[in-house]
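Me: Please take a close look at one part of this structure. Keep it to a single connected account, with the cut-offs stated.

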Amino acid sequence: MSKRRVSYYYDPDVGSYSYGVHHAMKPQRMRITHELVQAYDMLPKMHVLRPKRASPEAMTRFHTDEYINFLSRVTPDNARRLTYQGSRFLVGDDNPPFEGVFEFSSISAGGSIAAANRLMEGHSDIAINWAGGLHHAKKREASGFCYINDIVLGILEMLRYVPRVLYIDIDCHHGDGVEEAFWATNRVMTLSLHKFGEFFPGTGLLEDRGRGKGMGYAVNVPLKDGITDESYKSIFEPVFDKILDVFRPSAIVLQCGADSLSGDKLGGLNLTMHGHAHCVQYVRSKNIPMMLLGGGGYTVKNVARAWTYETACALGIERDIDLNLPWNEYFEWFGPRYRLEVLENNLEDLNIKDGSLDEVREKCLRYLSELSP
Ligand SMILES: CN1CC(C(=O)N[C@@H](CCCCCC(O)(O)c2ccon2)c2nc(-c3ccccc3F)c[nH]2)C1
Ligand SMILES: [Ca+2]
Ligand SMILES: [Zn+2]
């Protein structure tokens with residue numbers, strides 16, 4: 001694995017925010033990942049940077065002034081009034097007005113914006129922000145645990161330097177906020193693989209391809225429960241290769257949502273740590289400036305395992321690291337085997353059973369062939 005210059009963005013405050021004890025999203029994931037990355041002695045191998053928090057002005061590069069003004073002022077106490085009784089900005093119990101929600105969002109967005117600049121100014125080949133990847137956030141409201149769309153803000157920053165950016169989303173949910181933001185442009189291609197059918201957010205049909213000049217520049221790969229490493233690879237690689245052929249991106253943003261791992265609390269797919277990380281390895285092998293972001297992931301110990309291993313993949317040292325976990329502050333979380341692994345379960349791969357995977361692959365490749373390189 002040839003070497004790459006890696007920058008790693010982390011703010012030690014990020015793990016202290018809480019969505020609430022009953023909520024599926026645990027910001028502590030970023031802190032546990034950082035402890036494990038540190039325990040594996042990876043920090044000295046990277047540029048470790050604490051990102052400047054994104055300002056309200058920076059956020060309004062994508063979001064509306066009204067929404068940012070709201071988010072910078074909302075607290076648990078004034079939320080009912082400021083959201084017009086829960087009808088605007090924060091709808092449903094997915095997006096609680098938790099203490100520090102604006103600071104948390106500014107740390108996440110600050111990391112992705114800084115990562116974009118670091119890559120585009122040529123100081124690094126790969127830039128990592130595990131606090132980023134919040135792909136559901138919309139222009140004027142929060143959605144799916146996401147309040148500020150750090151991904152859109154990072155890509156907008158990249159578009160100041162390069163003509164074309166490819167966005168790839170391996171979170172088990174559809175990357176709807178990013179797709180929507182770039183729906184009508186051919187300067188950003190969005191590729192999302194996601195569980196589809198009776199599943200949040202319900203968008204991301206194979207036939208949804210974009211609008212106007214953006215027609216064909218949104219690629220959606222709908223999946224069913226139980227997809228394995230082998231099945232996932234058999235659609236990820238050919239579709240990604242075809243995209244490189246016809247789109248020739250100058251930079252790539254890879255959202256590494258870890259809820260596509262087997263055993264995830266919300267997921268339902270069946271990727272092992274190696275299957276999930278293969279996407280990072282495969283994209284990295286193309287030697288195009290790459291931003292790695294976090295995202296979903298609700299079996300917290302496995303999120304930390306996957307993002308730690310993927311940090312090693314970014315460095316090109318995954319072959320050398322000991323799969324017996326080193327002592328770390330959260331060691332007892334990783335029992336009973338205390339291993340750097342996420343194993344597959346015996347879920348049936350419904351994508352193979354009915355031949356739908358082959359059909360989805362063929363249609364995606366045919367759609368992409370219609371784009372003139
Ligand atoms: C009215 N409809 C019902 C609502 C709904 O089904 N929301 C999804 C939201 C799932 C969000 C997934 C977020 C993500 O993993 O994609 C992510 C998060 C950050 O980056 N990516 C959902 N919420 C939960 C949930 C919410 C609170 C507590 C426990 C839960 F399981 C599960 N699934 C909407
Ligand atoms: Ca996805
Ligand atoms: Zn998700």
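Reply: The zinc site

Asp171 has 1% relative accessibility, so this residue counts as buried. Buried means under 20% relative accessible area, exposed over 50%, and partly exposed in between (1.4 Å probe, protein chains only). This is a predicted model: local features need pLDDT of at least 70 and side-chain atom pairs pLDDT 80 or more, while totals for chains, interfaces and linings use all residues. Residues are numbered from 1 along each chain as its sequence is written, chains are lettered from A and ligands numbered from 1 in written order, and side-chain values use heavy atoms, without hydrogens and water.

Asp259 is buried too, at 0%. Asp171 (OD), His173 (ND1) and Asp259 (OD) are the protein donors of the zinc ion (ligand 3), at 1.9 to 2.0 Å. Donors are N, O and S atoms within 2.8 Å of the metal (3.2 Å for Na, K and Ca); water is not among the atoms, so sites may look incomplete. Along the chain, the donor spacing reads D-x1-H-x85-D. Asp171 sits in the loop between strand S4 (165-169) and helix H7 (176-181), and Asp259 in the loop between strand S7 (251-255) and helix H9 (273-284), so the pair ties together parts 88 residues apart in sequence. Helices (H or I, at least four residues) and strands (E, at least two) are DSSP runs, numbered from the N terminus.

Both aspartates also meet ligand 1. A polar side-chain atom of Asp171 lies 3.3 Å from an oxygen atom of ligand 1. For Asp259, a side-chain N or O atom is 2.8 Å from a ligand 1 oxygen.

How values were computed:
A polar contact is a pair of N or O atoms within 3.5 Å; within protein, one must be able to donate a hydrogen and the other to accept it, and residues adjacent in sequence count only if both atoms are side-chain atoms.
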